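Trainee: Hi! I'm new to this one, could you walk me through it?
Mentor: Happy to, let's look at it together.

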Amino acid sequence: MDEVWGRNRPSLPTGPVREHPIEYSGKTVTEKLTEIRMKMNENSASFLIITMLDEIAWLFNIRGCDVPCNPVALSYAIVTTGMLIILIQ
């Protein structure tokens, strides 16, 4: 990738991430994680890797401004049956 971008690669966005109020999101992050982990257990899944930005925004009730005209933050998430790891770039 370095050869493709060369020195012209734009820097990664550094816009703020904000919490989306519960009155608009409908459920808390804990409620959503509980439901997801129940489905994971039903399907004997240990990990759920999430790369779609809108799904991460929904799951964590966050909104960002990293993508023009889209309220998402560049991020990746891994949900496990015991703990949660979220990486936000």
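Mentor: Let's start with helix 3, where Lys32, Leu33, Ile36, Arg37 and Met40 are buried. Buried means under 20% relative accessible area, exposed over 50%, and partly exposed in between, with a 1.4 Å probe and protein chains only. Helices (H or I, at least four residues) and strands (E, at least two) are DSSP runs, numbered from the N terminus.
Trainee: Before we go on, what kind of model is this?
Mentor: This is a predicted model, where local features need pLDDT of at least 70 and side-chain atom pairs count only at pLDDT 80 or more, while totals for chains, interfaces and linings use all residues. Residues are numbered from 1 along each chain as its sequence is written, and side-chain values use heavy atoms, leaving out hydrogens and water.
Trainee: Thanks! Back to the helix: why are Lys32, Leu33, Ile36, Arg37 and Met40 on the same side of helix 3?
Mentor: Because these buried residues of helix 3 cover an arc of only 130° around the axis. That arc is taken from the directions from the helix axis to the C-beta atoms.
Trainee: And which exposed residues are on the face turned away from the buried side of helix 3?
Mentor: That face carries Lys39, Asn41 and Glu42.
Trainee: Does a lysine turn up on the buried side too? What is the nearest side chain of opposite charge to Lys32?
Mentor: For Lys32 that is Glu31, 7.9 Å away, and Lys32 has no salt bridge. A salt bridge is a side-chain nitrogen of Lys or Arg within 4 Å of a carboxyl oxygen of Asp or Glu. For charge, Lys and Arg count as positive and Asp and Glu as negative; His and the chain ends are not counted.
Trainee: Which residues is Lys32 in contact with, leaving aside its neighbours within four places in sequence?
Mentor: Ser25, Lys27, Trp58, Leu59 and Asn61. Contact means heavy atoms within 4.5 Å.
Trainee: New topic: how many residues make up the largest nonpolar core?
Mentor: Twelve, among them Leu33, Ile36, Met40 and Val72. A nonpolar core is a set of buried Ala, Val, Leu, Ile, Met, Phe, Trp, Tyr and Cys residues joined through side-chain atoms within 4.5 Å. Helix 4 gives the most to this core, with four residues.
Trainee: Where is Val72 found?
Mentor: In the loop between strand 3 (62-63) and strand 4. Val72 has a relative accessible area of 4%, so it counts as buried.
Trainee: Last one: is Asn61 buried or exposed?
Mentor: Asn61 is buried, at 6% relative accessibility. Asn61 also has a positive phi of about 50° although it is not a glycine.
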